[in-house]
Amino acid sequence: MADVEWALKGELVLSCNCTVFCPCVISLGQHPPTEGYCQTWAGFRVDNGYYGDTDLSGLNLGLIMEIPGYMSRGNWTAGLFVDKRASIYATKAFTKIFTGKAGGTTSLLSILVGNFLGVQQEPISYEVEDKKRIFKIPKIIDGVVAPIPGKTHGEDTVISNSEYWIAPEIIVAKSERSKMRAFGRNWNFAGRSAEICALDWSGPN
């Protein structure tokens with residue numbers, strides 16, 4: 001039952017195999033990824049978070065996803081990485097949230113993900129250097145993502161007021177480095193599409 005209140009606030013970074021900016025942000029899943037299919041990893045920095053009485057603040061997460069075509073048609077494959085510092089209760093909470101079983105913002109994952117690869121606890125770092133986001137899970141994900149500069153000097157290219165489920169405002173970005181090796185996958189998306197946005201998810205409603 002999705003009846004426990006939860007919330008995650010912080011930031012997330014996402015790197016995918018699209019050669020130009022991911023069309024899902026604007027099409028809301030009604031247009032296929034640029035390669036016809038999606039492979040992506042995402043990193044999460046939870047500044048403040050809870051699941052009922054379980055504190056989730058100060059922890060990092062990683063997520064990989066594969067989508068065989070249109071995002072909205074489902075049949076996704078997903079795997080979750082939880083911060084090694086997380087307690088067993090926090091790990092269970094994150095698993096419920098990222099499988100959609102906790103309801104709320106991520107509830108659609110319970111419908112769209114057909115193959116869940118499982119959960120691994122690993123040391124995970126999420127750092128900001130100038131405007132670059134550096135996300136690492138040793139021997140698994142090595143990512144450096146930088147915003148695309150906007151026309152106004154010093155400002156990023158931003159998509160705002162979107163109905164995209166991840167966030168209403170997305171910083172358009174590109175991966176400077178993007179390697180992922182896990183669950184039998186070996187990806188390298190350097191130079192391809194990336195996103196940066198605020199993490200502000202909650203549930204169960």
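Is T99 buried or exposed? T99 is buried, with a relative accessible area of 15%. That value comes from a predicted model, as do the others in this report. Let's walk through the structure, starting from this residue.

## Around T99 and the nonpolar cores

T99 sits in the loop that runs between helix 2 (88-98) and helix 3 (109-112). Leaving out residues up to four places away in sequence, T99 touches L109, S110 and F116.

The residue F98 belongs to helix 2 (88-98), and it brings us to the largest nonpolar core. That core has 44 residues, and those touching the most other members are L8, F44, F94 and F98. With residues up to four places away in sequence left out, F98 touches L8, F44, L61, L63, L80, L109 and W201. Another core, of 19 residues, lies apart from the largest one; its members include F81, Y126, I140 and I171. There is a general pattern to keep in mind here: nonpolar side chains tend to be buried together in soluble globular proteins.

## Strand 1 and its partners

How many of the 11 residues of strand 1 (residues 6-16) are buried? The count is 10, so strand 1 is largely enclosed by the rest of the structure.

Strand 1 pairs with strand 13 through 10 bridges, and the two run antiparallel. Within this pairing, G10 stands opposite L199 in strand 13. Strand 1 also pairs with strand 2 (residues 38-51), through 11 bridges and again in an antiparallel way. Here S15 has W41 in strand 2 as its bridge partner.

## A buried charge in strand 13

Strand 13 (residues 193-203) also holds E195. Which side chain of opposite charge is nearest to E195? That side chain is R133, but R133 is 13 Å away, and the buried E195 has no salt bridge. Apart from neighbours within four places in sequence, the residues in contact with E195 are L12, V13, L14, F21, C22, V25, Y164, I170, I171 and A173.

## Salt bridges

Elsewhere, charged residues do find partners. Side chains of opposite charge can pair when their charged atoms come close. The whole structure has 10 salt bridges, and three of them are shown below.

| Acidic residue | Basic residue | Closest N to O distance |
|---|---|---|
| D47 | R45 | 2.9 Å |
| D83 | R85 | 2.7 Å |
| D156 | K131 | 3.0 Å |

The bridge between D156 and K131 spans two loops. D156 lies between strand 9 (141-147) and strand 10 (158-159), while K131 lies between strand 7 (125-129) and strand 8 (132-137), so the pair ties together parts that are 25 residues apart in sequence. D156 is partly exposed at 23% relative accessible area, and K131 is partly exposed at 36%.

In the pair of D83 and R85, D83 is buried, with a relative accessible area of 1%, whereas R85 is exposed, with 56%. As for the pair of D47 and R45, D47 is partly exposed at 36% relative accessibility, and R45 is partly exposed at 22%. Both residues also take part in a network of salt bridges that links E11, R45, D47 and R133.

## Cysteines without a disulfide

How many disulfides does the structure have? The count is 0. Take C38, for which the closest cysteine sulfur is in C16: the two sulfurs are 5.5 Å apart, which is too far for a bond. C38 is buried, with a relative accessible area of 12%. Another cysteine, C197, is buried at 4% relative accessibility.

## Backbone details to look for

Where is there a cis peptide bond? This bond joins G203 and P204, with an omega of about 10°. P204 lies in the segment after strand 13.

Two residues other than glycine have a positive phi. For N75, phi is near 60°. N75 lies in the loop between strand 4 (59-67) and strand 5 (76-83), and N75 is exposed, at 58% relative accessibility. For F183, phi is about 50°. F183 is in the loop between strand 11 (170-182) and strand 12 (185-188), where F183 is partly exposed, with a relative accessible area of 22%.

Methods: Residues are numbered from 1 along each chain as its sequence is written. This is a predicted model: local features need pLDDT of at least 70, side-chain atom pairs count only at pLDDT 80 or more; totals for chains, interfaces and linings use all residues. Side-chain values use heavy atoms; hydrogens and water are left out. Helices (H or I, at least four residues) and strands (E, at least two) are DSSP runs, numbered from the N terminus. Buried means under 20% relative accessible area, exposed over 50%, partly exposed in between (1.4 Å probe, protein chains only). Contact means heavy atoms within 4.5 Å. A nonpolar core is a set of buried Ala, Val, Leu, Ile, Met, Phe, Trp, Tyr and Cys residues joined through side-chain atoms within 4.5 Å. Lys and Arg count as positive and Asp and Glu as negative; His and the chain ends are not counted. A salt bridge is a side-chain nitrogen of Lys or Arg within 4 Å of a carboxyl oxygen of Asp or Glu. A disulfide is a pair of cysteine sulfur atoms within 2.5 Å. Two strands pair if DSSP finds at least two bridges between them.
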